[in-house]
Structure formats: C-alpha cells, structure tokens
Amino acid sequence: MPTSPVPIHPPHCVIGVIGGGQLGRMLALAARRMGVRTAIWTGGLEAPAVEVADEVIDLPFDDPQALEHFRQVATVATVEFENIPHETLRAVAAHVPLHPSPHAISICQNREREKNFLLSHGIPCTWFRVVSNAEELAAALAELKGPGVLKTADFGYDGHGQVKLEGHENAAEIWKNFGAPRGVLEAWVPFEREISVMVARGADGRCVCYDPAENRHRSHILDVSIVPARIPAEVAERATAIATRVAEALDYRGIMGVEFFLKADGSLIVNEMAPRPHNSGHHTLDACETSQFEQQLRMVLGLPAGSTRLHTPVAMLNLLGDLWPEETTPPDWTPLFEDGRAFLHLYGKRHARGRRKMGHANLLGPDVEDALARAETLKARWLKDAGR
Ligand code: AMP
C-alpha cells in the first residue's frame, strides 16, 4: 500500500474525503483555511460537505467510476465516517495513501471486531457475547443474568440498532424484531459519567491527546459535552493513557475518539472508538488552540501536531432536529448571539427531521458550570418555542 513518507505541505495536494457529512464539511472548512483542496466522495447520500468542497463525487461507494475518479484526484485520503464498505477502502488504499488504514477502520466499524481487539490488548471493555440467532441470545442472556443492551455488530451509530434489555425478556421475540444478522449483547454498565478522549497519532507514531470531554446523552445521542470533564486528574491521565494505547495498538494515523464509561469505583471501560473526528471534539473549534479538524489534516498530511491545549472551559451543545419549530424553520438564534460567548456552527441541512444533528453551539465560560447552565437555558428556550 502506498504511504506518504515525506510531509505534504499545503497547497500542493488534494485531500480525498470518503463521506460527505458534517464531519467532512468541517474538515473541508479547515482545509480551505489552510489552502488545501478537498475532494468529497459522498456515497450518493445527502451531504452537508458538498457546498464547501472543491470537488464532489456524488456517487455510491461501490461505483467503479467514482472510485477511479477519486483515486485520480486525491493526493492523500481519509474518511469522515466509518461505515464504508471494506472493499472500497482497500481499493482506495491500493492507490492512494489512506489514513487511518483500512485495517484500523475495519476494527472500529464493527462492534464484534472492536470488542475482540480490546480484549486481546487487555484494554477494559464491558462483558459481551456475539449472537447470531435466538438460541444464542437466550444462552447469552442466561449467562448475563441482568440488564444488557443488544447492538448490531455492523454499522451502528448513535444508538441505532440498539435494544435495551432487562434480562428476562423472551429471546425469540427480541431476535425476531432485531433485524440484523449478527448482534453483540453487552452487559449494562452502571456508569457515573461518560467521557471521551480525542487522540491524534502522526506519521512518526507520536500521540497527542486533548483533555477528556464529559458527555451527556439524550436517548443515545450526544446532547452536551463539557471540557474540562469533572473528573479527578488521575482519571483523566488514565483515560489519556488508554486512548494512546488504543491508537498505538491499531498503528493508527490520524485523529480518533475513544469513548469511556467511568464507574463509581473510578474504573474506566472503553465503550467504543470512532476512527475520525468526533462529535465530542467539536468544542476544539472554539476552545482549543488547534481544532480536531485541523489536527486531522496535519496527521493525514504528515505534518507535526498542533497544540491540543484547551484555552477556555466550554460546553458544546448539539443542536438536534427537535429544536426546530418546523422542518425548515430554525430556532430563533437571538439569545445565542446575545450571549456573546456562544458560537454557532450549522451544517447546512435543509430539513430538520426527528433528532438529526443540525449543528452545534460552543459556549465558552469562566468555568464549565457557567457554560453548561447557559447551554441548558438556551436549549430549554428552544424546546419550548418548538412546542416540545
Ligand atoms: P453507543 O452507540 O454504543 O455509543 O451507545 C450510545 C449510548 O448508549 C452510550 O453513549 C451510552 O449512553 C448508552 N450505552 C450504550 N451501551 C451501554 C452499556 N453497555 N451500558 C450503559 N450504557 C450504554
């Protein structure tokens, strides 16, 4: 597979991005600022990155012409979401340096491989069993003897394809409605907090980490991240060390998000990894010296890492579709602009359906409590305005 042994200095390159969602959009915006061109391969899906990319390949990931076009135009390549067919990744990597590698992506895109990877490297993860029929699910539930969650092995995100179980359900019934050929039954983790670490690993194998984010979810979707997380320094150090170990064990190049459950006894359990910029790293756009998107570009181009220092405490509020009063009517942003230290990032999506990620706001503060309280006030106001 081709590698890029020497750093590529802007503007002599085109970064090919597989995927055209909001992460691709923010990556393309960071690239623009640095004078780097981007070619976005959308996969034929609705793609927020399209309007800011230099070139768009608006075809499915299994289209041979799209592959050929992408390979011709990209100097180096990366992904902005992980649910891309492995054949596509391998076919790209055979001609263009692709960071992270297809191997690293394939581990992170499938819960079974991800859990087995963690186990084999002695990295703490929750108890699990892989199941592919009702009998196996029944046996796994009998072994678990308590609450759990059944997740699809492949292509899961934001709680999609997940069923919370108390442990006494009828396995045949659950499996009939599950609809995926393979699942991972996980023990439910009674966590105290959820945190995540963004780690970036360069061409020389050196890792830098951002301060852990403390994440709160609303029905499985990230609602708010605050940084610094309200955890002891020793826990933050341990989380950072584990994230670094994960990146090293994957021989990873680029930025990745490692999500953890923190239990009351102080132990940390890895929930999952995201081989790309991550929603819990969006605060870096306004609160850190280098954003996660610029960091990703630096890693992919083989440039040195930028400082990950958090310069201001921050709360990142996800703006989900349920804040929109109507599908095409956004919330009234006046209170956000009046705040003065709140910064709006919209992804250019025209239709606010359900709980779609439409944008986010970063609220800077003297401390996280202040920033969080202002984020909550804004969200409550918008939910009320939307009649929810
Ligand atoms: P995931 O898509 O696996 O990241 O799950 C989304 C969210 O569901 C997590 O961030 C947790 O809030 C919750 N969750 C998932 N798995 C578990 C688990 N095994 N125990 C407790 N909460 C979980």
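How far is an oxygen atom of the ligand from an N or O atom in the side chain of Glu194? In this predicted model, the separation between that ligand oxygen and the side-chain N or O atom of Glu194 is 2.5 Å. The protein chain is divided into domain 1 (10–98), domain 2 (127–187) and domain 3 (193–385), and the points below take up the ligand site, the nonpolar cores, two helices and some individual loop residues.

**Ligand site**

- The ligand is surrounded by 18 residues, of which Lys151, Gln162, Val189, Glu194 and Glu272 come nearest.
- Besides the pairing with Glu194 at 2.5 Å, a ligand oxygen lies 2.8 Å from an N or O atom in the side chain of Gln162, and a ligand oxygen is likewise 2.8 Å from an N or O atom in the side chain of Glu272.
- On its own the ligand has 470 Å² of accessible area, and the protein covers 96% of that area.
- The shell around the ligand draws at least two residues from each of the strands β6 (148–152), β8 (183–187), β9, β13 and β14.

**Nonpolar cores and domains**

- The largest nonpolar core holds 32 residues, and the members that touch the most others are Val246, Leu250, Met256, Val258, Phe260 and Met273.
- Two or more residues of this core come from each of α4 (102–108), α5 (111–120), β9 (191–201), α8 (233–249), β13 (254–263) and β14 (268–274), with α8 giving the most, at seven residues.
- Because domain 2 (127–187) and domain 3 (193–385) both give residues to this core, the core lies between them.
- Once neighbours within four places in sequence are left aside, Met256 is in contact with Cys108, Val197, Met198, Val199, Val246, Ala247, Leu250, Met273, Ala274, Pro275 and Arg276.
- There is also a second, separate core of 21 residues, which includes Val224, Ala361, Leu372 and Leu383.
- As for the placement of the domains, the C-alpha centres of domain 1 and domain 2 lie 34 Å apart.

**Helix α5**

- Asn110 caps the N-terminal end of α5, where a side-chain oxygen of this residue lies 2.9 Å from the backbone nitrogen of Glu112.
- Within α5, Arg111, Glu112, Glu114, Lys115, Phe117 and Leu118 are buried, and just after the helix Gly122 takes a positive phi of about 65°.

**Helix α10 and Gln296**

- Helix α10 is mostly covered, since nine of its 10 residues are buried; these are Gln292, Phe293, Glu294, Gln295, Gln296, Leu297, Met299, Val300 and Leu301.
- The helix, which spans residues 292–301 and contains Gln296, is followed by Gly302, whose phi is positive, near 80°.
- Gln296 has a relative accessible area of 0% and is therefore buried, while its side chain makes a polar contact with the side chain of Thr78 at 3.2 Å.
- Apart from neighbours within four places in sequence, Gln296 is in contact with Leu27, Thr78, His99, Pro100, Gly254, Ile255 and Pro277.

**Loop residues**

- His99, one of the residues in contact with Gln296, is found in the loop between α3 (86–93) and α4; at 8% relative accessibility His99 counts as buried, and its side chain makes a polar contact with the side chain of Arg253 at 3.3 Å.
- Pro325 is found in the loop between β15 (314–320) and α11 (334–339), and its relative accessibility of 29% makes Pro325 partly exposed.
- Although Pro325 and Asp385 are 60 residues apart in sequence, their C-alpha atoms are 6.7 Å apart in space; leaving aside neighbours within four places in sequence, Pro325 is in contact with Pro330, Pro331, Asp385 and Ala386.
- Lys349 sits in the loop between β16 (342–346) and β17 (357–364), and, with a relative accessible area of 16%, Lys349 is buried because the cut-off for that class is under 20%.
- The side chain of Lys349 reaches the backbone oxygen of Lys357 at 2.6 Å, and, not counting residues up to four places away in sequence, Lys349 touches Gln22, Pro48, Arg356, Lys357 and Met358.
- Lys349 and Trp324, which are 25 residues apart in sequence, are 12 Å apart in space from C-alpha to C-alpha.

Note on methods:
Residues are numbered from 1 along each chain as its sequence is written. This is a predicted model: local features need pLDDT of at least 70, side-chain atom pairs count only at pLDDT 80 or more; totals for chains, interfaces and linings use all residues. Side-chain values use heavy atoms; hydrogens and water are left out. A nonpolar core is a set of buried Ala, Val, Leu, Ile, Met, Phe, Trp, Tyr and Cys residues joined through side-chain atoms within 4.5 Å. Buried means under 20% relative accessible area, exposed over 50%, partly exposed in between (1.4 Å probe, protein chains only). Helices (H or I, at least four residues) and strands (E, at least two) are DSSP runs, numbered from the N terminus. Domain bounds come from an automatic or database domain assignment. Contact means heavy atoms within 4.5 Å. A polar contact is a pair of N or O atoms within 3.5 Å; within protein, one must be able to donate a hydrogen and the other to accept it, and residues adjacent in sequence count only if both atoms are side-chain atoms. A residue is near a molecule or strand if one of its heavy atoms lies within 4 Å of it. Accessible areas come from the Shrake-Rupley method with a 1.4 Å probe; for residues, only the protein chains shown count as cover.
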